[in-house]
Amino acid sequence: MFKLCVFDLDGTLMDSLEDLANSVNYSLKQNGFPEHDLNKYKYFVGNGIKMLLHRALGKYDTPEAFFKVADIFYPYYDEHYADKTRPYEGIKELTEKLKSQGLMLAVLSNKADEFAKGIIDEFFAANSFSVVLGTTAEFKPKPDPSSLLHIMKTLSVSPQETLYVGDSNIDIFTAHNAGVKAVGAEWGFRGRSELIEAGADFLAEKPVDILKVIGQEGL
């Protein structure tokens, strides 16, 4: 019986790719490095902002280049993270339905903690999520399970009572590393094939399908 549903943020709750890509491309351009097409960013994201910048720099990645790009990226993204970022269609309805059924909800992201919390505060009603946790110095990033285990401990639920929803193999690995069943969000950045290959326990073509998973497994 599930008591907690934990969501990844980028590519699962939020369609945020364009703002991320635009912010990185702006930072690259300001430093004279080549920009990238939007689709490439589907595979650059997922492991946090530092890795995003390293991947975007590619063969130009040096400590000096990284810090120059990062110095521009962080303040620029802080101003532009909500330009085009929006919850995916059906997400707000899903979270409201889950809450009405008595589930606790949480967010676990490899995005910097301040950005993760800012986006949730911007687009969701207060107290929609019991915990919102991005990357901090306290925990290793996903797929290390420590942050997910921390959320479960904070909310006093077991792995068997927890469902994790994410759009990438990183999310599936995170869930399984913590002993939690994982739903692959097909609507996100990476798509069905990666989620199947990673071993997702369930697949959801659209957000409302999460309700079917919970109904089948028990509430």
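Which side chain makes a polar contact with the side chain of Lys-142?

## A buried lysine

In this predicted model, the side chain of Lys-142 makes a polar contact with the side chain of Asp-8, at 3.0 Å. Lys-142 itself sits in the loop between β5 and α7, the latter spanning residues 146-154. Lys-142 counts as buried because its relative accessible area is 3%, where the cut-off for that label is under 20%.

Leaving aside residues up to four places away in sequence, Lys-142 touches Asp-8, Asn-47, Leu-108, Ser-109, Asn-110, Ser-147, Tyr-164, Ile-170, Asp-171 and Thr-174. Several of these names return in the description of the cavities, including Asn-47, which is among the residues closest to the centre of the largest cavity, and Leu-108, Ser-109, Asn-110 and Ser-147, which help to line the second largest cavity.

## The largest cavity

The model holds 2 cavities of 30 Å³ or more, and the largest of them encloses about 210 Å³ of space. Its lining consists of 19 residues, of which Asp-10, Val-45, Gly-46, Asn-47 and Gly-48 lie closest to the centre.

Helix α3 (49-57) and strand β4 (104-112) each supply at least two residues of this lining, with β4 giving the largest share, 3 residues. Sorted by class, the lining of the largest cavity comprises 8 charged, 6 polar and 5 nonpolar residues.

## The second largest cavity

The second largest cavity has a volume of about 50 Å³, and Lys-142 belongs to its lining together with Leu-108, Ser-109, Asn-110, Gly-134, Thr-135, Thr-136, Phe-139, Lys-140, Pro-141 and Ser-147. Strands β4 and β5 (131-135) each contribute at least two of the lining residues, and β4 again gives the most, with 3 residues. By class, this lining has 6 polar, 3 nonpolar and 2 charged residues.

## The nonpolar cores

The largest nonpolar core has 54 residues, and within it Phe-7, Leu-13, Tyr-41 and Phe-129 touch the most other members. Helix α4, which covers residues 63-80, gives the most to this core, with 6 residues. A second core, separate from the largest one, has 21 residues and includes Phe-139, Ala-175, Ala-182 and Ala-198; of these, Phe-139 also appears in the lining of the second largest cavity.

For Phe-129, once residues up to four places away in sequence are set aside, the contacts are with Phe-7, Leu-13, Thr-95, Leu-105, Ala-106, Val-107, Ile-120 and Phe-124. Phe-7 and Leu-13, both on that list, are themselves among the residues that touch the most other members of the largest core.

How values were computed
Residues numbered from 1 in each chain as written. Predicted model: local features only at pLDDT ≥ 70, side-chain atom pairs only at ≥ 80, totals over all residues. Heavy atoms only, no water. 1 Å grid on protein atoms, 1.4 Å probe; cavity = no way out; pocket = protein on both sides within 12 Å on 5 of 7 lines; lining within 4 Å. Points joined across faces, edges and corners; volume = space filled by probe spheres on them. Helix = DSSP H or I, 4+ residues; strand = E, 2+ residues; numbered from the N terminus. Nonpolar A, V, L, I, M, F, W, Y, C, P; charged D, E, K, R; others polar. Core = buried A, V, L, I, M, F, W, Y, C linked by side-chain atoms within 4.5 Å. Buried < 20%, exposed > 50% of the residue type's maximum accessible area, 1.4 Å probe, protein only. Contact = heavy atoms within 4.5 Å. Polar contact = N/O pair within 3.5 Å; in protein donor to acceptor, adjacent residues only side chain to side chain.
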